[in-house]
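This briefing introduces one part of a structure to a reader who is meeting it for the first time. Please keep the sequence and the model in view while reading.

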Amino acid sequence: MDRGDAGPSPSAQTAPAGSRPPLARRYRGLLHRLLPCLSWLTGYRRHDLGADLVAGAITAAVLVPQAMAFGLLAGLSPAAGLYASLLPPLLYALLGTSRVLAVGPVSIAAIMVAHGLSSLPAGADPVAAAALLALMASGVLLALGLLGLGWLANFLSHPVLSGFTSAAAVLIIGSQLPALAGTRWLAEPGWSGVPSALVRALGEVHGPTLALGVLSAAVLLLASSPLERLLLAAGATRRRAVIVGRAVPLLVLVVATGAVAALSLDRAHGVAVVGAVPPGLPALSLPWPGFQAAAALFPAAVLIALVGYVESVGIARTLANRRRETIDPNQELIGLGAANLGAALSGAMPVAGGLSRTMVNYNAGARTQASAVVTALLVGLVVFAFTPLLEHVPRAALAAIIIVAVARLVDLRGLRAAWRYDRSDAAVMLSTALGVIVLGIEAGLMAGIVLSLLATVWKASRPHVAELGRLPGSEHFRNVRRYRSLETWPSLLLLRVDEHLSFANSHWLEQYFAQSVAAHPGVRHVVLVANAVNGIDTTALEMLERLALSLREAGVTLHLAEVKGPVMDRLKRSSLLASMAPGRVFLSAHEAVQELGKQH
């Protein structure tokens, strides 16, 4: 017999339907769930390595100046930002599900750390406190991930998050103006005392520092969109134009540092510099500045964890969709929790996925998280061997990098779009932003969350209800307020509720139905068209029973039409259908009209 005609060998035969997979396969699946990195490591190819090496090197060039700047923004040293770029991305590469997310220090977390450190008791060590923030944020993320509670982050709606990030960007810019101009105003981010402090600052501007800072900011601004457009016009690909534009901050930092060192701007002219950065890799240890500090920092740690998670997952999901990949939101909690644990062990600040670095990593052609490993190794090389070169980095240049990076977070376009589309969302966005600026980061963000939930409940409590008529010669029904020449019937009223029926809207709907019947004296049948109703809770169920009784006493019968299957299954287990009698449940609004439209 020819080999091509041979049947499958016993080892190659398919297992019977319904049988359990082999033990080795089950263990392999469990191992892949515990270590998501295996999903890309097992199929790693040689040309993937080349792409990841290039992307990792380019991302490292962006990360080094950003990490130093965000360390200063958090009220710490540049080393705190660099340390946050070593172990955290390595741990996320093992446990995260996004193949391109660049985890490390980010501006929003940095300003939240600075705000949290301002509430510390006197004498507390800010470095240990920042590491404790990372440790507690890690605990929050890991607990949510292990319990499968990633959905809790959905309470941070887009208007709340947009308003928060816009206000945080304003605070960040305000906190960096002193370093940019060499003044001492606004030592702590916040709104109180700004006007008088600004007046005092005008007389304290340090000329050389201001010149260096403004020049750095101007180069960075020209190197973003204008440079990208110029490169595109010259024939460069969009990917290459974006990469070059994003890598300019490192060039600015190198040139500014060289100018300070060559011209002795720090010693001869008083330009503030970073100073000595401890050489070598950080020693691993668990921070513990005391129970008092932990209690003061815990609210900030929770918010840092939630905001960082929402932003990271949003970035990761967007890029995964572009590449037809998927991410696991609950596993992302585990990955980010592990990354923050690595930050805590390194004596660093909390971390999250950074938008600008992730986009650089993505546009540079990263295939897998191996690019993050390359980035971490290169940053580790800088920390291990080149920290003496960082001593003359001017703080004004780092301030310019921060200001230019966060200015694009002020979402005025989003506010205008929300105002045109849904003014309640625009009000939540604006209120959150004002709350963060006036009340502080934690209080303002919590106020925004509460307002967002109240707006949602308010919308649900007043659902859209349409009185329906039929398009002549068809079986299609439309809102009588939107279409002319619809067929209606003197004895029949069709009302469609476009919302889940719940305790939040049951009283309002009961009144609406009563008023609608009162406005149509000839009506003898009311049909609730429920094709947009996805559920009915017990409060709404009792309301419908009361409504059926009150309408029957007024000589009107309540009917249902187009009830969805899952809703109907639950109604069959209730007493509503019996209390509606002689009311019926119709398959469609057209069937209800055929049966009831000509009755008097």
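Two strands are said to pair if DSSP finds at least two bridges between them. By that definition, strand 3 and strand 5, which are joined by 3 bridges and run antiparallel, count as a pair. The model is predicted, and the points below describe the sheet to which these strands belong.

**The sheet as a whole**
- The sheet is open and has 6 strands in the order 4-3-5-6-7-8, with mixed pairing.
- Its edges are formed by strand 4 (477–479) and strand 8 (585–586), each of which pairs on one side only.
- In general, the strands of a sheet pair through backbone hydrogen bonds, in either the parallel or the antiparallel sense.

**Strand 3 and its neighbours**
- Strand 3 (465–470) is mostly covered, since 5 of its 6 residues are buried.
- Towards strand 5, Val465 has Val497 as its bridge partner.
- Towards strand 4, strand 3 again runs antiparallel, with 3 bridges joining the two, and Arg470 has Phe477 in strand 4 as its bridge partner.
- Strand 3 and strand 4 form a hairpin with 6 residues between them, and in the turn Gly473 has a positive phi of about 75 degrees.

**Strands 5 and 6**
- Strand 5 (residues 492–497) and strand 6 (residues 525–529) pair in the parallel sense over 5 bridges, and the bridge partner of Leu492 in strand 6 is His525.

**A helix across the sheet**
- Helix 26 (residues 589–596) lies across strand 3, strand 4, strand 5, strand 6, strand 7 (557–561) and strand 8, and runs at about 165 degrees to strand 5.

Technical notes:
Residues numbered from 1 in each chain as written. Predicted model: local features only at pLDDT ≥ 70, side-chain atom pairs only at ≥ 80, totals over all residues. Heavy atoms only, no water. Helix = DSSP H or I, 4+ residues; strand = E, 2+ residues; numbered from the N terminus. Contact = heavy atoms within 4.5 Å. Axes fitted to C-alpha atoms, helices over the stretch in contact; angles between N-to-C directions. Buried < 20%, exposed > 50% of the residue type's maximum accessible area, 1.4 Å probe, protein only.
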